[in-house]
Amino acid sequence: MSEPAFDVVIIGGGPGGYVAAIRAAQLGMKVACVEKRATLGGTCLNVGCIPSKALLHTSHLYEEARNGLDRFGIRTGEVRLELGAMLDHKDKVVDGLTKGIDFLFKKNEVTRLQGTGRIAGPGRVVVEREGGGEEASCRHVVIATGSEVAPLPGVTIDEERILSSTGALDLERVPEHLVVVGAGYIGLELGTVWRRLGARVTVVEFLDRITPGMDLEIARELQKLLTRQGLAFRLATRVVGVESGAERPSVVVEPVAGGAQEAIACDAVLVAIGRRPWTEGLGLAELGVALDERGRVRTDGHFRTTVPAIWAIGDVIEGPMLAHRAEEDGVACAEWIAGQKPQHDYDRVPGVIYTDPEVAAVGRTEEQLRAEGRAYRVGRFPFMANSRARAVGAQEGFVKILADATTDRVLGCHVIGPDAGTMIAELALALEFGATAEDVARTSHPHPTLAEALKEAAMAAWSKPIHL
Ligand code: FAD
Ligand code: NAI
């Protein structure tokens, strides 16, 4: 039998797939990556992390220029929004970064196969595209097909007035009233973007709290601050349907506990109730690749599926649906294929919501520790008492560190405050190294920086803070 053309064929060119491709090539393997989009980078670069962060940044600048600079003695003239130019900036960032992945593929000699991939049999990936296609033979296949928007039953997304996150990144006009269904990552980030640009925003959430899974104390603080900024929350509310209407859509809701239905008229609806794994058309059932109860590709914890030499990583398998986690999967999966035994733990993957203030978390929440019956100490430190936060006028929020009551080992860290997303990396490292709160507290932190709030919270968990 002839040698297969590739050692590894990866289906999907998102943060999981493209990183796995580069890592496998670095390890000396012959690699191809199949992507059906015209550009590489997956959800994250094309319609996710990057465009949303571009809009979060520029909408923040707009709001600051309109209302936020007077307090520093800076007077501006009339501030006008040119939405088209703002969207152009976002598109340019996406364009540059997706082309950057092409460059990295060339540099690492990864073959890019454009088209839709299907596993036709062990070691056989068929790539279909308009006007042709090809078959790539290989020793290993990696499924890195990511996820898609979870639909709201009975509601059809048209990306004009009834939107998924993709449509909400490209609105031609600022809606007067935007109803967001789901108070999770996407609802809060994109709700914030359009509120800053002038929309009235109502967020409808099924649960009686926002951001499920996040430490409750932090979630309550976030809801308080976002409400103060103008977001309206309708918690414990079920969406019964969306009527598209001749002029304006309306969202029909009812209290989860029962009660009268109500129609909320609006100009646009953003459906952001989660994402689901993308497994359609891959030929998995025919091959015997098992899925779990939530439709994710089942793995053994080391990316092996139930069929030998077929691996899976990123959003399509169990674990937090986050880009950095998919990247870690990509690196580790390539290394497993190469015969190494890397380990990484999803319990130590940080999560960040890029609102203002940002929210960032790593490790256990207080609710989880209570449920596990674990004795813990809490150290809190408010940004109000941090000199740098005061100097830059960003003193909302606090740091919360959870440490084991006996060993002092850091179990979790939750930050709501300025630049929380950048700062959480320090505590992610602390968790990786099994550091104690005292270790963090005794680590020299430069002054005056926001990171000193982490040190003080660690001091509070271990002993006592100085500046409180
Ligand atoms: P994906 O990025 O979804 O990539 C999968 C790729 O596979 C896609 O390009 C798809 O076209 C391709 N594909 C699928 N099937 C086939 C096939 N049969 N053949 C060929 N190609 C195929 N995460 C963060 O960490 N930080 C953030 O700030 C953040 N912001 C987000 C904002 C939004 C609006 C959204 C929607 C998501 C955001 N995420 C964020 C989540 C992040 O985008 C995902 O977790 C990440 O992209 C998952 O990577 P992946 O490689 O597993 O899948
Ligand atoms: P999500 O899981 O974060 O939030 C969905 C919310 O919708 C939850 O609060 C849930 O209770 C609620 N919900 C579910 N069904 C509902 C219903 N019928 N009616 C009302 N509310 C309902 O999902 P989201 O925001 O769609 O984002 C998907 C994923 O994308 C995130 O979980 C995250 O993994 C990723 N993401 C990450 C970002 C980041 O890292 N900053 C930004 C955006 C997305």
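**Sheet, helices and local features of the predicted model**

The loop between helix 13 (437-442) and helix 14 (452-462) contains P448. In this predicted model, the peptide bond that joins H447 to P448 is cis, with an omega of about -5°. A second proline, P357, is placed in the loop between strand 18 and strand 19. The bond leading from D356 into P357 is likewise cis, and its omega is near 0°. A further backbone feature concerns A236, which is not a glycine but has a positive phi of about 50°. A236 belongs to the loop that runs between strand 11 (232-234) and strand 12 (237-243). For context, most peptide bonds are trans, and most residues other than glycine have a negative phi.

Strands 18 and 19, which flank the loop of P357, are also part of an open sheet of five strands. The order across this sheet is 18-19-22-21-20, and the pairing is antiparallel. The edges are taken by strand 18 (351-353) and strand 20 (376-382); each has a single partner strand, so one side of each is left without a neighbour in the sheet. On average, and with direction ignored, neighbouring strands of the sheet are turned by 10° against each other. Within the sheet, strand 21 (residues 398-404) and strand 22 (residues 410-417) run antiparallel and are joined by six bridges. I401 has C413 of strand 22 opposite it.

Two helices lie across strands of this sheet. Helix 7 (residues 216-229) lies across strand 18, strand 19 (358-363), strand 20, strand 21 and strand 22. The direction of helix 7 is at about 5° to that of strand 22. Helix 12 (residues 420-432) lies across strand 18, strand 19, strand 21 and strand 22. For helix 12, the angle is given relative to strand 19 and comes to about 10°.

Internal space and ring contacts were also examined. One cavity of 30 Å³ or more is present in the structure. The volume of the largest cavity is about 50 Å³. Its lining is formed by V149, S165, I186, V271, A272, I273, G274 and R275. The structure holds zero aromatic pairs. A contact between a charge and a ring is nevertheless found at F6, where the charged end of K30 sits over the ring at 5.1 Å from its centre.

Technical notes:
Residues numbered from 1 in each chain as written. Chains lettered and ligands numbered in written order. Predicted model: local features only at pLDDT ≥ 70, side-chain atom pairs only at ≥ 80, totals over all residues. Heavy atoms only, no water. Pairing = 2+ DSSP bridges. Helix = DSSP H or I, 4+ residues; strand = E, 2+ residues; numbered from the N terminus. Axes fitted to C-alpha atoms, helices over the stretch in contact; angles between N-to-C directions. Contact = heavy atoms within 4.5 Å. Phe/Tyr/Trp six-rings, centres within 6.5 Å; stacked < 30°, edge-to-face > 60°. Lys NZ or Arg CZ within 6 Å of the ring centre and 35° of its normal. 1 Å grid on protein atoms, 1.4 Å probe; cavity = no way out; pocket = protein on both sides within 12 Å on 5 of 7 lines; lining within 4 Å. Points joined across faces, edges and corners; volume = space filled by probe spheres on them.
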